Amino acid sequence: MNGNKESSNTKAQSKTDSVPECKKTSHSRRRVLSTVAAGVGATTIAGCLGSSETDEPTDNSPLRVEVYGGIFKEVMDEQLINPFREETGIPVESESGLSASQLSRINAAVNAGETPVDLFAAQPTQYIRGHEMGLWHTHDPSAISSSGDVIPEMMPMTDDSELMAVGAFGVYESLLTNLDVIDDPVTTWKALWDDQYEEQFAVGQAFDNYLIDITAHIFDEFDGQETLETESGITSVLEKVQEVKPQITTWFDGEAEAQEGMQRNDIGAAKYYNDVALVLEEQENSKYDNVVPDEGLLKDHRAWVIPESSPNVEAAQEFLNYSLQPEVQKRITEELYTAPVLERDSMDISDDLYTAVHGPDSMDAIEPNHQMYIDREEWLDSQWRDMVLP
Amino acid sequence: MASDDISSQRTQLQRILNETKSIRKRIKRHTKKIIVGYPISILVLFAVVPAGILFVTSFFPKPSGEYYSIGFTTTHYVRILEGQALEYITTTLSLAVMTTLMCLLIGFPMAYGLSRFCSPKYKRNYLIVIIATMWLTVIIRTYAIQILYATDGMFNRLLVWLGFVPEAIFESTGLFTVLTGMVYGYLPFALLTMYSSINKIEPSIEEASLNLGANRLQTIWRVIIPQAIQGIAVAGGLVFILSSGSYVIPRLLGDPSQWTVPILITQQISNQLNVPYAAALAIVFVFVIDGLFVVSFWAYRRLGRVSVVGIESLSTKFVRVGDSILGYVPNSFTSRVPMLLRAYLFVLLVLFALPLAVVISVSFSPGSVMQFPPEGFSLQWYEEILTAALWRNALFDSLSIAVIAAVISTSIGASLAYSIDRFELEYKSQLMALGVTPLVIPPVIAGVAYMSYFLQIDIWGTKYGVAIAHGVVFSPFALVLVKKGLDELDDHLEEAASSLGASQVQLTRTVTVPLLSSALFSGALFAFVLSLNEYIIAYFISGFGFNTVPIEIFSSLRYNYSPEIAAISVIYIMITTIVVVVVDRRFDLSLWN
């Protein structure tokens, strides 16, 4: 993938720098309760398989998978949800929503003993936080398997050597140019600091939009992730990030805002999700141009998490194993342009497609330090608002 | 035997009648307690207690990367005082003040012109269009404003084409656009409130002023404004409160320099789960807003009251100066004021209808993303909504919650207003303060407070939980409107009914309530409309079992601006317009009068 391959055995157990350090969290009370509950459930005579009192989904109470809305949901239904139902016979349906970004609501639901859905696709900061709060079910690694090699950082582990979450898809970020506003495609992250693009750019508004990581990586005066290990280092990077302000016209929350702004020609270029950018480029080739920046794509991912209160853990694990199969990952990659969670060698996809979703093998992607955004969240939020946001 | 039976039946009947009289006497004795006690208990249970929980939560510690825990710390308040949050408070108040002034300045001539110079039919149709814009979900209305003000948008293209400007001057985000969005959103509230006040002023008083030599502008200044001052003050207060708690408009139309306290609070909860800090922000913000109201109220009383006859003015010198200045305005202009007002009303109607027109046209887009102007015509999105269980359920849930919320809010507001106005109570101002308390708490923090509280009392994730929350939060509208209606009620009518032998109950039922029907219905209507459009509180307490239409829309808008959203908004408007018009005609509420 990045030319730095390791053996699959060590990957399954190793933690790379980009896999966050996990704090130990006690689940003992929840474990006891869920074990007792599971025991009671197992001995209850349901009358028929799949009643609401057992942990098997039924037609009336199917396995529920929350995915992002719009085209994303349509493709997931076509390539993952429906085939899973047909091949396994397990009732499953997808729901569109804000997924694991709504941790406060999920926390309330789990504490109330409710199950919002059985599976969420979570960002790293979301699955780490959720794990700290005891919201997610953790897996024995032997319960999750694939006939392909799963990229290790997509399978974050807890301190107890259990799986906190299971890789869903890679989400890289690239540079998307609106050719109706800017004639030549923007090809470098450093364009964000170029005053010829004054008030042309759109970037995400939150401090964890990884602009800090990009800045630390692309400028020689910084040492990448090493610089971001201290507050003084982060502050010096933020002082550099400040310089992008004149070039930003939109600080968006959801990607649809940026897309809509480009549609109106209010935005000339965006730091954008590579998968969505590729779809836009495909749909309107004359208007959009998506490039892998000279310095590399920004690398991120989503992983499936199961709320602790879910009664359908086994079925959910079966879903996870299905989603990790190479042919399923291939279908999703081909239709959604998200990066696969399997190593390149496990996948039968074309080189062009792999390069488009992942970037060339010769170029390392920029890997963010997710743990930093959690450990220093309050301080970073203040600094971001003070120094970067207008 | 027969006579014994008859006698015994008579005795039984007499006993029943006596018992009934006794029950009725007991009810009558306790009526006052019931009428006063009902709103107080609901507000204490569902406004004071959650606010208390919020206050306590603001002192809980919240380590980085973890959820908050029970404990005590003042770090959140220290963080607020360190400066950054104060900027957000200043921005919020500035936006609210500017919005209020603009709504009053724009809305007053509208209200006056509509009340005085338009036919009943024109008045009704005009108000229907204005009210319909209120029912346009704020999220989709904001999108329409972005479309209109975009670099390539209609307004810029028109101005460039007319040669007024060499290039685009409007932007789809920024201070001007935020203010535009706020005025679009809250002017109808100001207009309806001021219109209701001006409409009650006898035209003969105005005629008398004109006959005595004052021109139209002097008449407005010396006669209309003083008599409508209470309505104007209420309109200003309403707009200020609503705009200071606004989340969606500054979030979508503003850049970060226009972000308000509600946005900061929401981001703290959503992004970092920093509920204690968000709670501390809310407490500080509420104190600031309350402080402003106390100062304003003191200033209002200090400057003086105005009487029905309009002799005493807010400040005699100030009024006289204004009067003199207006006296110099040529008659050729003042005589044209009615015509100018009609033209002004027409222009504003077009401006108000434009976002509505954008949304309606976009709802017929054939493509998968919203486009204006649409590149074709298709009914697919309406078909999609009417066949999709997701939208049908959301629509049904939103409407049913809104109806229940309207009933709850009107019952709380009306009973409290009646108690304050009619009963001899020692603590009237405290009751009034209790009554408006839900309004001064930003919806986002009300949502978080209710989330914690409803989990404890086991109504989180239920529709009636959302309805109760909405009913309580929007009850101040009914309180203010009904109180105003009671203040403006002609006492002589009730005195006449009483002297003709009507009991208190008969008087209330046959005289007071019918005279108040417009205020009652307006209060219910405000609550209904606000509940339909309300996103943040519903988001925090609805759980995952159901979604209201605003939640579905906001959730969809994050990933895709689909014309489906425009279509559901149009359906929303049609349903609510039909309901209001039908109810107005069926019950002869004369809402437009």
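This is a chat between a trainee and a mentor about a predicted model with chains A and B.

Trainee: Let's start with chain A: how many helices and strands are there?

Mentor: Chain A has 14 helices and nine strands, and of its 390 residues, 50% count as buried.

Trainee: And among contacts between residues at least 6 apart in sequence, what share joins residues at least 24 apart?

Mentor: In chain A that share is 74%.

Trainee: Which domains does the assignment give for chain A?

Mentor: The assignment gives domain 1, made of 8-170 + 301-358, and domain 2, made of 171-299 + 367-388. The contact between them takes 20 residues from domain 1 of chain A and 13 residues from domain 2 of chain A.

Trainee: Which elements of domain 1 give two or more residues to the side that touches domain 2?

Mentor: In chain A those elements are α5 (124-132), β4 (166-178), β9 (298-305) and α12 (351-358), and α5(A) gives the most, with four residues. Sorted by class, that side of domain 1 of chain A has ten nonpolar, six polar and four charged residues.

Trainee: Can we look at one strand residue, Val92(A)? Is Val92(A) buried or exposed, and why?

Mentor: Val92(A), which sits in strand β2 of chain A, counts as buried because it has 25 C-beta neighbours inside 10 Å, and the cut-off for buried is 20 or more.

Trainee: What is Val92(A) in contact with, once neighbours within four places in sequence are left aside?

Mentor: Its contacts are Pro57(A), Pro62(A), Leu63(A), Val65(A), Ile81(A), Phe84(A), Arg85(A) and Phe319(A). Take Pro57(A) as an example: this residue and Val92(A) are 35 residues apart along the chain, while their C-alpha atoms are separated by 7.7 Å.

Trainee: Where does α10 of chain A fit in, and which of its residues are buried?

Mentor: Helix α10 of chain A covers residues 313-323, and its buried residues are Ala315(A), Ala316(A), Gln317(A), Phe319(A), Leu320(A) and Ser323(A). These buried residues pack against several elements of chain A, including β1 (63-67), α3 (71-88), β2 (92-96) and α11 (326-336).

Trainee: Changing topic, what is the phi of Tyr337(A), and where is this residue placed?

Mentor: Tyr337(A) has a positive phi of about 65 degrees although it is not a glycine, and its place is in the loop between α11 and α12 of chain A. With 23 C-beta neighbours inside 10 Å, Tyr337(A) counts as buried.

Trainee: And what about Asn265(A)?

Mentor: Asn265(A) also is not a glycine and has a positive phi, of about 60 degrees, and it is found in the loop between α8 (255-263) and β7 (269-273) of chain A. Asn265(A) counts as partly exposed, because it has 17 C-beta neighbours inside 10 Å.

Trainee: On to chain B. How many of its residues are in contact with chain A?

Mentor: There are 35 residues of chain B in contact with 44 residues of chain A. On the chain B side, the elements that give two or more residues are α11 (261-272), α19 (443-456) and α25 (549-559), with α25(B) giving the most, five residues. That side divides into 14 nonpolar, 17 polar and four charged residues.

Trainee: How many residues are in the largest nonpolar core?

Mentor: It has 270 residues, and those with the most contacts inside it are Leu281(B) and Ile445(B). Helix α17 of chain B, residues 389-422, gives the most to this core, with 15 residues, and the core also draws at least three residues from each of domain 1 and domain 2 of chain A.

Trainee: What does Ile445(B) touch, not counting residues up to four places away in sequence?

Mentor: Ile445(B) touches Leu54(B), Ile265(B), Ala278(B), Ala279(B) and Ala282(B).

Trainee: Last one: at what angle do α3 and α15 of chain B pack?

Mentor: Helix α3 (residues 84-117) and helix α15 (residues 337-362) of chain B pack at an angle of about 115 degrees, with their axes 9 Å apart, and the crossing is left-handed. Among the residues that meet there are Tyr112(B) and Phe117(B) in α3(B), and Leu341(B) and Arg342(B) in α15(B). The residues of this contact divide into ten nonpolar, one polar and one charged.

Technical notes. Residues numbered from 1 in each chain as written. Chains lettered and ligands numbered in written order. Predicted model: local features only at pLDDT ≥ 70, side-chain atom pairs only at ≥ 80, totals over all residues. Core = buried A, V, L, I, M, F, W, Y, C linked by C-beta atoms within 7 Å. Buried ≥ 20, exposed ≤ 12 C-beta atoms within 10 Å, placed from the backbone. Domains from an automatic or database assignment. Contact = placed C-beta atoms within 7 Å. Axes fitted to C-alpha atoms, helices over the stretch in contact; angles between N-to-C directions. Left-handed = near helix turned anticlockwise from the far one by under 90°. Nonpolar A, V, L, I, M, F, W, Y, C, P; charged D, E, K, R; others polar.
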